[in-house]
Amino acid sequence: MSYSLETLEYEKLLQLVSRNAQTPMGEDRFAGLRPLTSKADIERQLSAISETIRLNEEKQVSWSFSGLQDPGDAVTILRIRNATLEPNLLLEVSRICSQALFVRSSIQPEKDFSPVLWQVVENIPPALLAAIEKINKKLLPGGAIDDSASPELASIRREINAQRARLTKSLEAVMRNSSGAIQDEIVTVRNERFVIPVKADFRGKVGGVAHGFSSSGATVFIEPLEAIEANNELQNLKGKEEREIARILFALTEELREQLPAVESAVEAVAELDFVKAKVEFARKFKAIVPEISDDETLEFVDARHPLLEENLRKSSPPYKGGEAAFSADWVVLSSAKDQVGSDIVPTSFTLTKQKSVMIISGANAGGKTVVLKTAGLLSLMAISGLPVPAKEARIPFYRSILADIGDHQSLSANLSTFSSHMSNIAGMMRECSPPSLVLLDEAGTGTDPEEGSALGVAIVDYFRRVCHAQVIASTHYRGLKIYAANDENVINASVEFNEKTLQPTYRLLLGLAGASSGIEIARRFGILPDVIHTARENLDISAQEAEDYLRKLQTETTLAEDLRIALEEERETVAMKYANLEFEAGKKEKERRKQFENELAQTIDDFDRQSKAFIKSLEDKALKNKLDKERVSRKAELNRAVLSKVQSPKSKVAAWQAETRPVGSVSGEGNIAVGSHVITSFGNIGVVEKMDKEVAEVLVGGMRLREKLANLQPVTETADFPESRAEKLQNQAKSANLRLDAEDANAELNLIGQTTADAEYEIDRFLDEAYLASLPRVRIIHGFGTGALKNFVHHFLKSHPHIEKFSFAPQDQGGHGATIAELKQ
């Protein structure tokens, strides 16, 4: 395997991505990262990125390792028998192990959702927590040993404090007795022994051991004879304290040493998770996606962007420092193009396949040709290194070699000219190329006679294509390569767009046609004197000028056609959206009208009921009153049935469906209904009669049993052409018809915002029952963001509901985490 890492600035890319690492171990992973040699390893690395993004977005699981140091020294000491860790190293190990255990506990409930991440933390034993808790209990955050680390240490420190108090009291008494000789009545410490400050002139008046002078020489620090024994005792106690601390540290180190494999697993897991999190953070900042590693050698980019160029555009500090190195010129011009094309980089889209494996890019100088080559090469390297790529979509083969000849490699010390350096580099590429391979050639054949260079460029491209079976992207100004692309249907002709009105490149890659170089115009734009430009135009070969003019005209017409296509597409979408809005508004008005009609009918019935009650109440004949009251109840029931029939009219809609399905089986209201008969319920569903009790039947519809009056059931008479499979088909047709029937009345959306969980429980249950009877495939429940209480209640309710197959958060364009999509059992 061979890769042009330096040419494609792979190391700079790794430095850019590694800025997102939070630990030294994570940074080291990026420093040593190279294209992976196994497709399984690539897919594992990419899956880890995808799982981390999903855990964060859908499960709100994330981790941070900010402030952690590299525990390499501590782990090395743990491998040495009887060696003791210092408190700060113990705390470093403790912090890393604590973070690793925390991430393990966060990932474990979602291990089926994130199997790759679970493999990273699975080998960290929970038993490690006991050793970590001992360290945290006995060591303070600053590294000091807590008094409660052991009973012996607590006792020694109490004795030390008592001895200090006695010693201080004794020295204060000495100072009071010799107040005239004392410089300041302050007990101080010199050479770890308590002393008093005595004026140098009165040194002889206080007996004891001198421990030095002040900087001015005016004060001598004396340890009085009375304090020598007490100081000695204090030093003995301090020695005991140090020995006890050493014993505690050794015991803690031994605890960790027994868990050394677990500690190493924790350190490895933290390094790997920080490595993955840095990739995810890079993807977030650069709007990168996880690429797909294609099996059919398809290289596809949709809106791909060069990350280093994008970073420089963000900083508004292009890296060009003079010279004519390829890519630098494109980089500078693209950087200056922000004023014309906006603050965002101009993305690139193209596709290469196993059949159409070559793309020849022509067009204006400094128009972005080299940027396309470097973008394709670097993003391909990123993908096979397990990194996200800045694009909307990306499919990249598992390349065994990515080779590039870009830039001027001339060297005086190596006696290489521009042309010879290119040929030397390309010769090496031919030796190293192994399929599947991506070959990038900038200005193939440049640096020599144009005719020879053009012929050589065609031969080089064709060799990589036919002999090496490589995918090739080459930039050129030679007509020979443009004709080569035009005459072969398996070679893509492409160009970078040049705006004839503004005389500026737009940096868009146009597929399907060659482009004019516009070298003279570019030279004029970069400041070449007008006289020189005029002379160049006069000396230009007429046929070459005509060819350039033709290519320019063709490019302009193609651009106009593309702009017209985009405008028509946008207009079509606008009309479709407008029509959809009108249809929605019409349906909304129809529902409002029907609701108003229902309310008016209900009000009329209520008025009838109220007036009839008042009239009956005024009668004195009890027999007549009872008779009229029964009549009132009967008439009210008839009115209610009539209203329901007119408003819902399920029978008429089912009848229309029956007319469509009658060739398969006949529906008759006069047939006899028995156990096992197929019938149509009042809801329009086909079911099977399981039990009968006088005038009521129990009907199995799907997985639900209904009790219906026999008068409301319609038998389905099966003919000889109506086998069981056809019955199932009819039932499915009935369900779909019922879906159309009820979809007009049953709303597929429930808004719970502003409701309490108690109110929401009733609303959800009622809503799901109606949706299930209407055979809706899925519904949306809007609960909003808020504190999350309503969202959690909705999810808890849906988990145990018998009608629900599964549920998840809505897509971003349908409410995201503020709504839930529930799929109903069918």
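**Strand pairing, core and cysteines in the predicted model**

Strand E7 (residues 299-304) pairs with strand E10 in the antiparallel sense over three bridges, where strands are DSSP runs of type E with at least two residues, and helices DSSP runs of type H or I with at least four, numbered from the N terminus; two strands are taken to pair if DSSP finds at least two bridges between them. The structure is a predicted model, in which local features need pLDDT of at least 70 and side-chain atom pairs count only at pLDDT 80 or more, whereas totals for chains, interfaces and linings use all residues. Residues are numbered from 1 along each chain as its sequence is written, and side-chain values use heavy atoms, with hydrogens and water left out.

Within the pairing of E7 and E10, Phe301 stands opposite Ala394 of E10. Strand E10 (residues 393-397) also pairs with strand E6 (residues 292-294), in this case in the parallel sense and over three bridges, and Ile293 has Ile396 of E10 as its bridge partner.

A further four strands form an open sheet in the order E2-E3-E5-E4, with antiparallel pairing. Its edges are strand E2 (188-190) and strand E4 (208-213), each of which pairs on one side only. Neighbouring strands of this sheet are turned against each other by 50° on average, direction ignored, with axes given by lines fitted to C-alpha atoms, for helices over the stretch in contact, and angles running from 0 to 180 degrees between N-to-C directions. E2 and strand E3 (residues 193-199) are joined in the antiparallel sense over three bridges, and the bridge partner of Arg190 in E3 is Arg193. Helix H8 (residues 151-177) packs on the sheet, touching E3 and strand E5 (219-224), and its direction makes about 15° with that of E3. Helix H9 (residues 225-258) likewise packs on the sheet, where it touches E3, E4 and E5, its direction making about 75° with that of E5.

The largest nonpolar core has 107 residues, and those with the most contacts inside it are Leu256, Phe350 and Ile473; such a core is a set of buried Ala, Val, Leu, Ile, Met, Phe, Trp, Tyr and Cys residues joined through side-chain atoms within 4.5 Å. Helix H10 (residues 260-286) gives the most to this core, with 16 residues. Leaving aside neighbours within four places in sequence, the contacts of Ile473 include Phe350, Leu352, Met359 and Ile361, as well as Leu438, Val439, Leu440 and Leu441, a contact being heavy atoms within 4.5 Å.

Helix H11 (residues 307-315) is mostly covered, seven of its nine residues being buried, that is, under 20% relative accessible area, with exposed meaning over 50% and partly exposed in between (1.4 Å probe, protein chains only). Among the buried residues of H11 are Pro307, Glu310, Glu311 and Asn312.

A search of the whole structure finds zero disulfides, a disulfide being a pair of cysteine sulfur atoms within 2.5 Å. The sulfur of Cys433 has its closest cysteine sulfur in Cys468, at 3.8 Å, which is too far for a bond. Cys433 counts as buried at 12% relative accessibility, and Cys468 is also buried, with a relative accessible area of 7%.

Over the chain as a whole, there are 25 helices and 25 strands, and buried residues make up 43% of the 826 residues. Of the contacts with a separation of 6 or more, 69% are accounted for by residues 24 or more positions apart.
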